[in-house]
Structure formats: structure tokens, C-alpha cells
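Me: I would like to go through this model by question and answer, with each term defined where it comes up. Please look at the structure first.

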Amino acid sequence: ESLGGDDAGWKVAQEMDNKRKKELFVRNSDSIKRAITDIYRTAKLLHNFSIMNYTGFVKIAKKFDKTFPDLKGTFKGNNCDDGKQSEILAAKMERIYSKWFCDGDIREAQAQILTKKGDG
């Protein structure tokens with residue numbers, strides 16, 4: 001026997017609690033999606049910037065080698081980041097997003113987290 005005989009009130013309270021939990025879950029899920037998307041987009045921008053800088057540096061180094069043949073090869077080697085780390089980070093964000101929100105479908109994840117026109 002229940003206290004006060006109000007089983008209906010208990011069920012309503014339980015349903016409200018479940019509704020709040022679901023709303024909180026959806027809100028947190030959206031927040032996680034936005035965070036992963038932000039990290040992904042930043043990594044992609046950084047990768048593009050790194051490639052552009054790397055390409056520019058290589059061209060400058062070649063010009064230097066032509067201008068100063070005695071110092072040729074001074075800038076050979078791994079003096080400049082070619083964007084690999086940012087590409088690794090972007091790929092990791094794709095895998096995480098696909099696992100959590102796209103049932104493991106990487107292509108779907110990429111389609112969802114790429115910048116879209118009008119997207120903040």
C-alpha cells in the first residue's frame with residue numbers, strides 16, 4: 001500500500017524526471033557534437049594553413065639555393081611542419097563523431113561536420 005495512495009502522482013513525477021533526463025541528454029549530446037565539429041574544423045583550417053606555409057617555405061628555400069649556391073641545402077630536412085599532426089587530429093575527430101553519432105559511418109560523419117553555408 002502506498003503512502004497517501006497517490007500512485008498516479010508518483011508516475012507523473014517519474015515521467016517528468018525521465019523527460020528532464022532526456023532533455024539533458026539531448027542538450028549535452030548537441031554540445032558534444034558542436035565541440036567535436038569545432039575541433040574538426042579548426043584542425044582542417046590548420047592543416048590547410050600548414051600546407052600553404054610548407055609550400056611557400058619550399059619555394060623560398062629553392063630560391064635561396066639558386067641565389068646562394070655555396071649554401072645550397074641549408075634548409076633541407078624537416079624544418080617546417082607539413083600539416084600531418086592537424087590531419088591526424090581531424091581524422092580522430094571524424095572517427096569519434098562517426099562512432100557516437102553516425103553508427104560508425106565515416107562518410108556520414110564527414111558530411112555532417114564539414115562547414116556548410118550559413119553555418120555559424
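Me: Is Ile60 buried or exposed?
Reply: Ile60 lies in helix 1, where helices are DSSP runs of H or I with at least four residues, strands are runs of E with at least two, and both are numbered from the N terminus. Buried means under 20% relative accessible area, exposed over 50%, and partly exposed in between, with a 1.4 Å probe and protein chains only. Because its relative accessibility is 60%, Ile60 counts as exposed.

Me: On what basis should these values be read, and what separates the C-alpha atoms of Ile60 and Phe75?
Reply: This is a predicted model, in which local features need pLDDT of at least 70 and side-chain atom pairs count only at pLDDT 80 or more, whereas totals for chains, interfaces and linings use all residues. Residues are numbered from 1 along each chain as its sequence is written, and side-chain values use heavy atoms, with hydrogens and water left out. Ile60 and Phe75 are 15 residues apart along the chain, and their C-alpha atoms are separated by 9.5 Å.

Me: How many helices does the protein chain have?
Reply: Read from the N terminus on, the elements of the protein chain run α-α-α. Of its 120 residues, 18% are buried. With 0 strands in the protein chain, the number of helices is 3.

Me: Which residue forms a salt bridge with Lys44?
Reply: A salt bridge is a side-chain nitrogen of Lys or Arg within 4 Å of a carboxyl oxygen of Asp or Glu, and the structure holds 1 of them. The pair links distant parts of the chain, with Lys44 in helix 1 and its partner in helix 2, 43 residues apart. Lys44 counts as partly exposed because its relative accessibility is 25%, and the partner is likewise partly exposed, at 30%. The closest N and O atoms are 3.4 Å apart, and the residue that completes the salt bridge is Glu87.

Me: What is the approximate area of the nonpolar surface patch made by Leu46, Phe49 and Met52?
Reply: Patches are made of residues with over 30% relative accessible area and no salt bridge, like charges being joined within 9 Å and nonpolar side chains (Val, Leu, Ile, Met, Phe, Trp, Tyr) within 5 Å. Leu46 lies in helix 1 and is partly exposed because its relative accessible area is 46%. Together, Leu46, Phe49 and Met52 make a nonpolar surface patch of about 330 Å².

Me: Where is Lys76, one of the residues of the positive surface patch, found?
Reply: The positive patch is formed by Lys59, Lys62, Lys63, Lys66, Lys72 and Lys76. Lys76 counts as exposed because its relative accessibility is 63%. Lys76 is found in the loop between helix 1 (7–67) and helix 2 (84–101).

Me: How far does the backbone nitrogen of Gly73 lie from a polar atom of the side chain of Asp65?
Reply: Asp65 has its place in helix 1, and Asp65 counts as buried because its relative accessibility is 15%. The backbone nitrogen of Gly73 lies from a polar atom of the Asp65 side chain at a distance of 3.2 Å.

Me: Near what value is phi of Asp103?
Reply: Asp103 is found in the loop between helix 2 and helix 3 (106–113), and Asp103 counts as exposed because its relative accessibility is 82%. Its phi is positive, in a residue other than glycine, and is near 50°.

Conventions. Areas by Shrake-Rupley, 256 points an atom, 1.4 Å probe, with all protein chains shown as cover. Lys, Arg positive; Asp, Glu negative; His and termini not counted. Charge placed at Lys NZ, Arg CZ, Asp CG, Glu CD. Polar contact = N/O pair within 3.5 Å; in protein donor to acceptor, adjacent residues only side chain to side chain.
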